[in-house]
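This report covers charged pairs, buried packing, aromatic rings and backbone details of one protein chain. The sequence and structure come first.

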Amino acid sequence: MAVHCIIPARMGSSRYPGKPLVKIAGKEMIVRTMERALLAECFDRIVCATDSEEIAEVVYRAGFEFILTGPAFTGSDRVADAARALDLDLVVNLQGDEPLVEPDVLVNVARELEENPDCWVTVACPLNPAEAQLKTVVKVLVKDGLAVDFTRTVSEEEAPRWFQHQGIYAYSRLARDEFSSLPQAPLELERSLEQMRIMGRRPIRIVQSPFASISVDVPSDVQAVELALKKSR
């Protein structure tokens, strides 16, 4: 069955306004993320879903597809709107601040979704104990291959039990439409974590990655990504 990739991007990030268009080693972050999705070679379509004509123009100039969407509470709500407009079923939501995502991880996520279309799918990677209380690094607790909790801070003593959550989700049309039809949950709002809306309603399967995630959440993360790019050359 065909699997597609939708990359949500907006200019109004509360922690880092204009983040999708920040230059990383001379290239806009949204373009770098879409190029990583292309390297996976497992998607029928790769589309940027955005509320910004400026982002859309950059994506178009780079040779990628975009769709303009209206306001959305979360990235998954934006992806649901875009997928509905494009009439897509199985979709991987790759957040636009993952410019170093490993293509092999995306392949594994797409495969997991094909095998388990009734579930949500997401990614966990090793948690750096030094980031246990860093709120910009989301943590996930895993049991028997399923997520049982997500949070932003854990104690240093608890850190070995937790993984770092990576900004990738995958879901079918049914699971996506269920999510977007629900009101925002109290824990979702309290923790600013969209997945809490579906937690307990639908299984969230975990693809474990050995690769540490370097996402861009605040301006200082750009330097870390550029350093990683230099090391990979």
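A search of the whole structure, which is a predicted model, finds 13 salt bridges. Side chains of opposite charge can pair when their charged atoms come close. Three of the pairs are set out below.

| Salt bridge | N to O distance | First residue, accessibility | Second residue, accessibility |
|---|---|---|---|
| E35 and K27 | 3.1 Å | E35, 28%, partly exposed | K27, 28%, partly exposed |
| R78 and D51 | 3.6 Å | R78, 3%, buried | D51, 38%, partly exposed |
| R61 and E57 | 3.7 Å | R61, 56%, exposed | E57, 39%, partly exposed |

The R78 and D51 salt bridge, with its closest N and O atoms 3.6 Å apart, links distant parts of the chain. R78 belongs to helix α3, while D51 sits in the loop between β4 and α2, and 27 residues separate the two. R78 counts as buried because its relative accessibility is 3%, under the 20% limit. D51, at 38%, is partly exposed.

The bridge between R61 and E57 stays within one element: both residues lie in helix α2, four residues apart, or about one turn of the helix. R61 is exposed, with 56% of its relative area accessible, whereas E57 is partly exposed at 39%. Elsewhere, D77, E188 and R197 are joined in a network of salt bridges.

**Nonpolar cores**

Which residues touch the most other members of the largest nonpolar core? They are I30, F43, V109 and I168, in a core of 31 residues. Two or more residues of this core come from each of β1 (3–9), α1, β4, α2, β6, α4 (103–115), β7 (120–125) and β10 (163–171). Apart from this core lies another one, of 27 residues, with W120, V142, F150 and A175 among them.

Leaving aside residues up to four places away in sequence, F43 is in contact with V3, H4, C5, A37, V92, L106 and A110.

M34 is a residue of helix α1, and its relative accessibility of 0% makes it buried. With the sequence neighbours up to four places away again left out, the contacts of M34 are I7, I46, V47, C48, V59, F64 and E65. The C-alpha atoms of M34 and P99 are separated by 7.9 Å, although the two residues are 65 apart along the chain.

**Aromatic pairs**

A pair of aromatic rings is described by the distance of the centres and the angle of the planes. How many aromatic pairs are there? The count comes to three. In one of them, the ring centres of W120 and Y169 are 5.4 Å apart and the planes meet at 65 degrees, so the pair is edge-to-face. Since W120 is in strand β7 and Y169 in strand β10, this pair ties together parts that lie 49 residues apart in sequence. W120 is buried at 0% relative accessibility, and Y169 is buried at 2%.

W120 also pairs with F179: the centres are 5.2 Å apart and the planes are at 55 degrees, so this pair is tilted. F179 lies in helix α5 (residues 173–181) and W120 in strand β7, so the pair ties together parts 59 residues apart in sequence. F179 is buried, with a relative accessibility of 1%. W120, Y169, Y171 and F179 form one aromatic cluster.

**Surface and backbone**

Y60, F66 and L68 make a nonpolar surface patch of about 320 Å². Y60 is placed in helix α2 (residues 53–61) and is exposed, with a relative accessible area of 57%.

Most residues other than glycine have a negative phi. Where does E41, which has a positive phi of about 55 degrees without being a glycine, lie in the chain? E41 is found in the loop between α1 (29–40) and β4 (46–50). At 75% relative accessibility, E41 counts as exposed. D87 is likewise not a glycine and has a positive phi of about 60 degrees. The loop that holds D87 runs between α3 (75–86) and β6 (90–94). D87 is exposed, its relative accessible area being 55%.

Note on methods:
Residues numbered from 1 in each chain as written. Predicted model: local features only at pLDDT ≥ 70, side-chain atom pairs only at ≥ 80, totals over all residues. Heavy atoms only, no water. Buried < 20%, exposed > 50% of the residue type's maximum accessible area, 1.4 Å probe, protein only. Contact = heavy atoms within 4.5 Å. Patch = residues over 30% accessible without salt bridge, like charges linked within 9 Å, V, L, I, M, F, W, Y side chains within 5 Å. Areas by Shrake-Rupley, 256 points an atom, 1.4 Å probe, with all protein chains shown as cover. Salt bridge = Lys/Arg side-chain N within 4 Å of Asp/Glu carboxyl O. Core = buried A, V, L, I, M, F, W, Y, C linked by side-chain atoms within 4.5 Å. Phe/Tyr/Trp six-rings, centres within 6.5 Å; stacked < 30°, edge-to-face > 60°.
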